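Biologist: I'm new to this one. Please take me through it feature by feature, and tell me how to read each.

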Amino acid sequence: MAMVGLFWITEDSVYLGAEPAGTASGVRLTEDGVETVGSGHGSAWSWEEVRGIEAADVAVRSGARRLASLAWDSVAVLVTGDGELPPAFTVRVAAADGTEEVSVLSAAVGGIHTPGEYELSRTLLERITDSREVVGELLAWGRHHAAEGTPRREEREALLRKWAGA
């Protein structure tokens, strides 16, 4: 499994945010369409029905601010012993039959994305909505590379640029 931008990619699935476990909600992208999963969700749309996918409420900070936030969170956990789930963000799937909102957990360390990865992810979401073949590209990459884990930031951004056509 590997996190690239807002996407969690396994050998056989692409999720927005972290792959959901148990009753956690999530959004899965397939070559056939979009599925919402988890407690209170269970919708599915073909790509012909999907009008748009939007990621909102994503924690975005510059590299320096991201490191400071991660350091602060680490100190808080050491002092209090309390760990928290990563921040969630909202995914809105607009389809022919209306819009569904799903809260998904971030797969990024500390739940914080850099501005570059966030913008490239948004561009990629637009491209995915326009061309379902793009999901196939992410799945093909996952089959060959996801087991290696999350790539370094530079490689993640290069992958996002390639997939987004930027």
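**Strands, sheets and helices**

Modeller: Let's start with a single link: the bridge partner of Val93 in strand E10 is Glu100. This is a predicted model, where local features need pLDDT of at least 70 and side-chain atom pairs pLDDT 80 or more, while totals for chains, interfaces and linings use all residues. Numbering runs from 1 along each chain as its sequence is written, and side-chain values use heavy atoms, leaving out hydrogens and water.

Biologist: How many bridges join E9 to E10?

Modeller: In general, strands of a sheet pair through backbone hydrogen bonds, either parallel or antiparallel. Here eight bridges join E9 to E10, and the two run antiparallel. Two strands pair if DSSP finds at least two bridges between them. Names like E9 are DSSP runs numbered from the N terminus: strands (E) have at least two residues, helices (H or I) at least four.

Biologist: Which strands make up that open sheet, and in what order?

Modeller: Three of them, ordered E7-E9-E10, with antiparallel pairing. E7 and E10 (98-105) are the edges, each pairing on one side only. On average, neighbouring strands are turned by 20° against each other, direction ignored. E7 and E9 (residues 88-95) share six bridges, and Gly52 has Ala94 in E9 as its bridge partner.

Biologist: Is E7 largely enclosed or open?

Modeller: Five of the seven residues of E7 (residues 50-56) are buried, so the rest of the structure largely encloses this strand. Buried means under 20% relative accessible area, with a 1.4 Å probe and protein chains only.

Biologist: What order do the strands of the six-stranded sheet take?

Modeller: That open sheet goes E1-E2-E3-E4-E5-E6, paired antiparallel. Its edge strands are E1 (2-4) and E6 (44-46), and the twist averages 25° from one strand to the next. Inside it, E4 (residues 26-29) and E5 (residues 33-37) pair over four bridges, with Val27 partnered by Thr36 in E5.

Biologist: Which strands does helix H2 lie across?

Modeller: H2 lies across E2 (7-9), E3 (14-16) and E4, at about 70° to E2. Helix H3 (residues 133-145) packs on the sheet too, touching E1, E2, E3 and E4 (contact: heavy atoms within 4.5 Å).

Biologist: And where do the axes of H2 and H4 come to?

Modeller: Packed helices are described by the angle and the distance between their axes. The axes of H2 (residues 115-130) and H4 (residues 153-164) come within 9 Å and cross at roughly 25°. That makes H2 roughly parallel to H4, a label for angles under 35 degrees. Axes are lines fitted to C-alpha atoms, for helices over the stretch in contact, and angles run from 0 to 180 degrees between N-to-C directions.

Technical notes:
Buried means under 20% relative accessible area, exposed over 50%, partly exposed in between (1.4 Å probe, protein chains only). Angles under 35 degrees count as roughly parallel, over 145 as roughly antiparallel, 65 to 115 as roughly perpendicular and the rest as oblique.
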